[in-house]
Amino acid sequence: MRKSIGKRLLAGALVVAMGAAGVTGCSSKANEGAKGEESKTSDNSGKPDTWIADRTITVQAYVDDIGNSLPKDLANTEVMKELTKRTGIKLDIQYTPGDKDSNVMAAQLASGTIPDVIFSYMDDSTRKEFPILLKAAKEGMFADVSGLLKDTKVYSHYLEDKYLPDDSKKNITFREDFKGAAYILPLSVDSEDRSLIYDPQTAYRGGMYIQKAIADKLGIDPTKIRTQDQFYDLLVQIKNGDFKDDNGNPVYPLGPKYWGGSPDTLQYIVPGFTWGVSDGYNLDSNGVIKHEADTDYVFEKINYLRKLLAEGLMNPEFFTMDGTRAEEVSRSHNSAIMADVHNYQDIIYASEDWVPLGPLDDITGNNAKVVHGKKQNGVWAISADAEKPEEILKFFDYLSTPEGQLLCQYGVEGKSYEMKDGKPVLTDEALQKLNDGDKDYLVNNIGAGFGYTGCVFFSFALTNLDNMNNFGENRPGSNSSTTFKRAVEVAKDYPITYRLVPGLDATGYLSADSMAEVKAQMSLLNYKEMIVQAVYAGTDDDAKKIVESFRQQLKAAGNDKFIEYLTELYKKDPSSIDFDKK
Amino acid sequence: MSIARKMIRFWPLYLMLVPCIIYYVLICYVPMGGVLLAFKDYSFRKGIWGSPWVGLRYFRMFFTSYDFPRLLRNTLIVGFIKCILEFPFAIILALLLNEFKNEKFKKISQTITYLPHFLSTVIIVTMLQRILAPNIGVLNQFIGKLGGDPSTFFLMEPKYFFQLLFSMDLWRNIGWDSIIYLAAISGVDAALYEAASIDGCSKLKKIWHITLPGIRGTIGLLFIMGVGGLLSSGFEQIYLLRTPGNMSVADTLDTFVLQMGLMNGQFGYATAVGLIQGIVGLILVIICNRLSKRFTGVSLW
């Protein structure tokens with residue numbers, strides 16, 4: 001009997017414990033919800049001019065760089081304390097890790113509730129985050145800020161005629177189908193168009209890099225390698241040169257990109273065969289819009305790559321190697337050429353082992369980097385359910401004023417920088433920490449952005465950028481930092497030129513309502529993956545079959561309808577699509 | 001005894017059942033309302049109930065899409081490998097383990113075979129990528145030492161995909177799946193074996209005539225439940241093993257649902273495909289259950 005009572009009590013206790021665990025899960029969420037609604041209107045007397053309101057703004061970031069650099073205690077970093085002192089605003093920044101930020105965003109928006117503000121990656125409207133944001137905007141999930149913009153100091157520029165990049169203006173912020181409303185605000189827009197200016201102080205010199213020792217031994221000038229034939233000959237020379245890596249193994253002439261194998265590197269290794277410059281599409285000599293898969297260029301590209309692979313000129317795992325191993329083969333000098341890396345990666349700036357190669361000529365016979373004018377990098381939007389969106393806009397507007405940007409990027413005067421001749425100069429301690437890459441100090445102590453090397457949120461959330469004029473340097477510490485000296489030297493010694501081709505990639509226009517079904521089918525097709533599939537096909541005939549099958553899939557997905565739509569758009573405004581004729 | 005009386009008498013047991021029922025209702029049955037999405041143009045703001053109906057649009061889109069036959073074929077092959085082909089191996093392992101006389105050796109073997117079950121798929125696939133890497137992978141180096149061509153890129157060739165998937169899945173699950181059969185075998189009456197020994201039965205005959213019929217009920221139940229997953233290839237392994245080279249055979253309904261639903265935000269379309277998988281699974285379970293009941297007397301209900 002005693003045993004039986006014991007068992008019954010144990011059973012009861014277990015049930016209570018399980019129930020309590022379930023309830024705890026629910027209640028913590030309820031508390032979080034309540035926190036986001038905290039807002040007090042109070043008397044502003046005795047407060048600074050920059051005072052906005054005594055409230056907390058809850059931000060959800062779908063940006064892993066922000067999530068990976070959040071301070072342990074945001075409210076107590078130097079920057080946040082100062083921001084709260086000046087504006088009254090406290091921030092609660094949330095980040096949910098997941099397979100991909102865009103997937104997390106889709107799932108959270110689909111749940112129908114978002115906090116006060118969301119932040120997302122967004123270079124342009126062709127990014128896969130955009131259709132989700134567009135759907136959310138059209139369905140009224142975001143606050144319309146069009147009427148508030150004119151009263152802001154910085155964001156009012158967005159109303160100026162030529163201020164925003166064309167794509168940002170027409171396709172993202174002031175879309176025709178928004179009928180005058182504005183829901184999604186671009187970030188990191190330069191105050192002036194500097195897209196055609198190459199500045200070694202700031203330039204990210206990306207693309208292929210070759211081992212300097214190998215280039216010297218072969219007696220070649222890496223910048224003179226321009227055509228696909230010259231590139232092939234160089235790879236053959238390297239193979240015949242019998243070069244060894246740090247472990248004594250033969251090097252692969254062409255290795256994967258530093259961050260892991262990817263079909264994206266096709267833009268650097270076969271630009272001479274990339275006819276479909278507008279994300280696969282271009283105009284043929286008769287002025288007809290086609291997909292590259294429907295031209296012979298697709299075979300030229302595939303055959304060239306098959307030749308490299310068959311002759312052992314490229315690493316067989318070039319397209320698929322995981323990030324860890326790709327870094328390993330790059331650092332052990334197993335690749336004579338890295339398909340893609342840039343001068344702000346330590347493998348480049350921390351040694352003199354690598355120098356840029358090319359860039360190779362594109363389909364027009366030019367090796368200038370194609371740019372499309374002013375750019376943006378990221379967007380944000382205010383929830384339609386957020387209280388007083390005007391306060392939120394005012395806060396983020398303040399962050400982008402020169403005064404706000406100084407605080408966000410450099411921290412607090414006297415603590416992480418001093419003013420000299422009207423320009424900020426990092427203190428010795430802050431500079432040392434920056435040079436040492438002491439992220440803990442930069443993020444948890446100061447909490448400023450430091451040009452995306454500290455708390456990234458405070459670099460990401462800015463716009464109307466003009467660092468040279470405002471701060472006398474392009475990133476905090478770049479005038480006095482020794483860390484990136486070599487990065488600047490590389491950019492200076494191996495300059496590239498820019499070429500303006502206005503317009504947006506053709507596939508950006510798949511987000512039109514009339515293209516919804518075509519987009520659903522097209523989103524399952526991946527042209528670059530098909531190229532890789534054909535490159536690894538057993539025989540040339542198999543490769544041809546893969547291409548033929550892709551052509552049929554493209555047709556079945558509604559490519560003809562899409563081309564018809566593109567033709568219409570292009571006739572109306574040729575600068576709307578970035579076609580680039582040979 | 002009536003149910004009410006039973007409940008009063010055994011109330012601690014029923015009380016312990018409550019969280020389980022709550023779990024199933026909240027986590028398994030309430031979300032089933034989401035299948036409505038398959039017939040609606042989902043709006044973030046209006047939610048599932050408020051979104052407009054679109055009828056069978058997504059089903060039509062899917063059945064007429066170019067990819068449908070390929071996705072169905074791949075899914076069925078993967079489902080067949082996982083549900084049918086792998087099925088007997090756990091039984092065979094359980095029978096083997098049961099015959100070991102040395103208890104220590106039996107325990108060690110059992111532990112070694114079920115340990116892979118606790119490794120995450122990401123780790124297993126990463127190991128596989130390293131083992132199978134062209135030129136530098138263990139397998140290719142071994143082939144090279146034997147005078148063969150060490151440059152085979154196994155993960156890039158469609159012809160090796162199903163074999164790799166089968167080997168990987170079997171290695172991971174065989175030990176774990178065999179536990180339930182071992183438990184069932186231990187429940188077989190030992191007197192039957194003794195009687196068979198007296199009658200001069202060989203080991204194989206004992207297995208065939210005593211052990212297997214003794215665990216027939218367990219085998220039948222697990223098979224019926226497994227058949228329901230014929231159209232579910234599982235997403236993790238396939239997604240991680242997929243490369244541009246093998247994608248023609250590695251795209252399945254599960255990866256399609258992920259791509260459509262989460263990556264492209266086509267929630268209605270993805271739900272419709274998921275619903276098709278669920279319905280086909282349910283039909284298969286019902287058919288199997290009936291056949292099993294008629295021919296073997298074993299059934300779920």
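Let me start with one residue. His333(A) sits in the loop between α12 (323-331) and β10 of chain A. Before going on, I should say that what we are looking at is a predicted model. The backbone at His333(A) has a phi near 60°, which is a positive value in a residue other than glycine. Is His333(A) buried or exposed? His333(A) counts as buried because 20 other C-beta atoms lie within 10 Å, and the cut-off for buried is 20 or more.

There is a second case to set beside it. Asp421(A) also has a positive phi, near 50°, and is not a glycine either. Asp421(A) belongs to the loop between β14 (417-420) and β15 (423-426) of chain A. Here the label is exposed, because Asp421(A) has 6 C-beta neighbours inside 10 Å and the limit for exposed is 12 or fewer.

Now the strand that follows the His333(A) loop, β10. Strand β10 is part of an open sheet of four strands in chain A, in the order β7-β10-β6-β11, with mixed pairing. Which strands are at the edges? They are β7 (252-255) and β11 (354-356) of chain A, and each of them pairs on one side only. Direction ignored, neighbouring strands in this sheet are turned by 30° against each other on average.

As a reminder, strands of a sheet pair through backbone hydrogen bonds, and the pairing is either parallel or antiparallel. Edge strand β7(A) runs parallel to β10, residues 335-338 of chain A, and three bridges join the two. To find one of these on the screen, look for Leu254(A), whose bridge partner in β10(A) is Ile337(A).

At the other edge of the sheet is β11(A). The loop between β11 and β12 (369-371) of chain A holds Pro359(A). The peptide bond leading from Gly358(A) into Pro359(A) is cis, with omega near 0°.

Next, strand β4 of chain A, residues 117-120. How do its side chains point? Val117(A) and Phe119(A) point one way, Ile118(A) and Ser120(A) point the other way, and all are buried. Strand β4(A) has a parallel partner in β2, residues 54-62 of chain A, with four bridges between them. Within that pair, Ala61(A) has Phe119(A) as its bridge partner. Strand β4(A) also pairs with β13, residues 379-382 of chain A, over four bridges, this time in the antiparallel sense. There, Val117(A) is matched with Ile382(A) in β13(A).

That leaves chain B. Chain B has 17 helices and zero strands. Its C-alpha trace spans about 75 × 70 × 35 Å along the principal axes. Of the 301 residues in chain B, 27% are buried. If we take contacts in chain B between residues at least 6 apart in sequence, 65% of them join residues at least 24 apart.

Last, where the chains touch. How many residues does each chain bring to the contact? Chain A brings 40 residues and chain B brings 31. On the side of chain B that touches chain A, three helices each supply at least two residues: α2 (11-29), α16 (253-263) and α17 (267-295). The largest share there is five residues, from α2(B). By type, the residues on this side of chain B are 17 nonpolar, 12 polar and two charged.

That is all I have for today.

Key
Residues numbered from 1 in each chain as written. Chains lettered and ligands numbered in written order. Predicted model: local features only at pLDDT ≥ 70, side-chain atom pairs only at ≥ 80, totals over all residues. Pairing = 2+ DSSP bridges. Axes fitted to C-alpha atoms, helices over the stretch in contact; angles between N-to-C directions. Contact = placed C-beta atoms within 7 Å. Nonpolar A, V, L, I, M, F, W, Y, C, P; charged D, E, K, R; others polar.
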